[in-house]
Amino acid sequence: MLEDMQRPVAPAVHRFREKASVFLTELHPAGDAGEREAILVRLRKRDFDANHHCTAWRELGGAQGADDDGEPSGTAGPPMLRVLEGEGLVDVLAVCIRWFGGTKLGTGGLVRAYTEGVQGAIAAAREQGLLEAVRAWRAGSITAEAGQAHLPFSVLGAFPEAEILGQDFRGAQAILRFRLPLTADGAREAALAALWLERSRGGRVDWE
């Protein structure tokens with residue numbers, strides 16, 4: 001669930017060797033493309049002699065991506081991204097830098113190595129207290145006739161996590177503004193929309 005998301009507040013590092021290849025994984029706070037690019041440029045310049053700089057990233061808003069950087073397709077970036085997804089990390093860039101040691105690891109070996117790299121960096125961040133909890137919200141509004149201005153409050157009362165942001169009156173209509181903690185599957189938003197549809201006999205929730 002999105003309530004369980006975390007993000008790094010400072011870089012964390014995990015280094016290990018696999019069949020003569022050296023893997024150095026770094027976990028960095030990064031909330032947008034500009035921050036990610038600046039970090040990657042710096043790491044490429046610093047470790048110019050490495051063979052690969054594979055990446056995976058996620059943003060709080062839902063955007064995410066991965067890059068194998070020359071490794072066989074799907075063996076580096078995507079496995080790294082799956083670890084970030086499984087751990088609920090956002091606003092994060094994972095960079096796994098590899099110095100090839102002369103022994104090929106094979107597809108399965110590469111997937112395991114890049115997976116281990118990110119898992120190790122996350123474990124290091126957790127041990128050092130470098131992860132903070134993140135809660136994502138979605139704002140919305142419910143419109144009712146002014147004579148039934150109480151009804152949206154009653155419906156939102158069924159969702160203890162909801163926060164009321166305010167109520168406005170426009171002519172014969174009352175508009176209640178609120179926000180809800182997001183869930184990964186959208187179940188809470190769907191439940192609210194369904195309840196309001198039923199209680200208002202056809203009304204809808206307008207989401208921002």
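How many helices and how many strands does the protein have? Before I answer, please keep in mind that what we have on the screen is a predicted model. The protein has five helices and 11 strands.

Let me turn to the overall dimensions. For a compact globule of 208 residues we would expect a radius of gyration near 17 Å, whereas the value for this protein is 23 Å. If we lay a box along the principal axes, the C-alpha atoms fill roughly 75 × 30 × 30 Å. Within the chain, 46% of the 208 residues count as buried, and among the contacts with a separation of 6 or more, 66% are made by residues 24 or more positions apart.

Now the surface and the charges. About 10400 Å² of the protein is exposed, and 49% of that area is supplied by carbon and sulfur atoms. The protein carries 24 positive and 29 negative charges, and the mean positions of these two sets are 2 Å apart.

As for annotation, an unreviewed UniProt entry gives "domain: Impact N-terminal" for residues 19-121. In the model, that stretch of chain is 40% helix and 27% strand, with 20 Å between its end C-alpha atoms.

I would like to spend the rest of the time on three individual residues, beginning with serine 141, which sits in strand 8, residues 137-145. Is serine 141 buried or exposed? Its relative accessibility is 16%, and because buried means under 20%, serine 141 counts as buried. Leaving aside residues up to four places away in sequence, serine 141 touches Ile175, Leu176, Arg177 and Phe178, and also Arg204, Val205 and Asp206.

The other two residues concern the backbone. As a reminder, most residues other than glycine have a negative phi. Which loop holds aspartate 69? Aspartate 69 lies between strand 5, residues 64-67, and helix 2, residues 77-87, and although aspartate 69 is not a glycine, it has a positive phi of about 45°.

Arginine 201 also has a positive phi, in this case about 60°, and it is not a glycine either. You will find arginine 201 in the loop that runs between helix 5, residues 187-200, and strand 11, residues 205-207. Because its relative accessibility is 80%, arginine 201 counts as exposed, whereas serine 141, as we saw a moment ago, counts as buried at 16%. One link is worth pointing out on the screen: Val205 and Asp206, which are among the residues that serine 141 touches, fall within strand 11, residues 205-207, on the far side of the loop that holds arginine 201.

How values were computed: Residues are numbered from 1 along each chain as its sequence is written. This is a predicted model: local features need pLDDT of at least 70, side-chain atom pairs count only at pLDDT 80 or more; totals for chains, interfaces and linings use all residues. Side-chain values use heavy atoms; hydrogens and water are left out. Helices (H or I, at least four residues) and strands (E, at least two) are DSSP runs, numbered from the N terminus. The radius of gyration is taken over C-alpha atoms; the globule rule is 2.2 Å times the number of residues to the power 0.38. Buried means under 20% relative accessible area, exposed over 50%, partly exposed in between (1.4 Å probe, protein chains only). Contact means heavy atoms within 4.5 Å. Accessible areas come from the Shrake-Rupley method with a 1.4 Å probe; for residues, only the protein chains shown count as cover. Lys and Arg count as positive and Asp and Glu as negative; His and the chain ends are not counted. The place of a charge is taken as NZ of Lys, CZ of Arg, CG of Asp or CD of Glu. UniProt positions are given in the numbering used here, feature names are shortened, and annotations may be inferred rather than shown by experiment.
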